[in-house]
Amino acid sequence: MSDETMFQNGFENRKTVLGAAHVEKSWANADDFNRPVQRLVTEYCWGEVWGDERLPFKTRSMLNIAMLTALNQHHELSVHVKGALTNGVTRDEIQAVLMQALVYCGAPAALAAFRTASAAIADWDKEHPAG
């Protein structure tokens, strides 16, 4: 697969998970300095890895929540909690992932992740009113 095809596949995967508006804004706001990293992440993270069909998006989202909790990456965790909800991960599943992360990553990391996830879920609910 060419780099351009991988980029296009990654761009579509990224929009599916994170929302078209978020991804298109990120790409539009890229400048000469950070555009290369945006392209690399889109090609390899979203094109190559998320494009690997051996794991469904729902599973990948749960893995990301656990890993981002372990790394204390709250901004990215917020984005991926919203993406997880879009991918069909339930609130109960997010809670279960964070409870497991508490045991393996430590209480401070998990407590911060719970705060981040709660805010992200509330934001997602505002953006996706039931109806």
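Five aromatic pairs turn up in this predicted model. One of them is a stacked pair, made by phenylalanine 7 and phenylalanine 11, with 5.7 Å between ring centres and 25 degrees between the planes. Both residues belong to helix α1 (residues 3-18), and because they sit four residues apart there, about one helical turn separates phenylalanine 7 from phenylalanine 11. As for solvent, phenylalanine 7 and phenylalanine 11 are both buried.

Another pair goes the other way in geometry: tryptophan 50 and phenylalanine 57 meet edge-to-face, at 5.2 Å centre to centre and with 70 degrees between the planes. The partners also fall into separate accessibility classes. Tryptophan 50 has a relative accessibility of 5%, so it counts as buried, since the cut-off for that label is under 20%. Phenylalanine 57 comes out at 22%, and is therefore partly exposed.

Back at the stacked pair, there is a bit more going on. Phe7 and Phe11 join Trp27 in one aromatic cluster. Phenylalanine 7 also has a charged neighbour: the charged end of arginine 39 sits over its ring, 4.3 Å from the ring centre.

Away from the aromatics, alanine 119 lies in helix α7, which spans residues 107-127. Its relative accessible area is 43%, so alanine 119 is classed as partly exposed. In sequence, alanine 119 and valine 81 are 38 residues apart, while in space their C-alpha atoms are 9.6 Å apart.

Conventions: Residues numbered from 1 in each chain as written. Predicted model: local features only at pLDDT ≥ 70, side-chain atom pairs only at ≥ 80, totals over all residues. Heavy atoms only, no water. Phe/Tyr/Trp six-rings, centres within 6.5 Å; stacked < 30°, edge-to-face > 60°. Helix = DSSP H or I, 4+ residues; strand = E, 2+ residues; numbered from the N terminus. Buried < 20%, exposed > 50% of the residue type's maximum accessible area, 1.4 Å probe, protein only. Lys NZ or Arg CZ within 6 Å of the ring centre and 35° of its normal.
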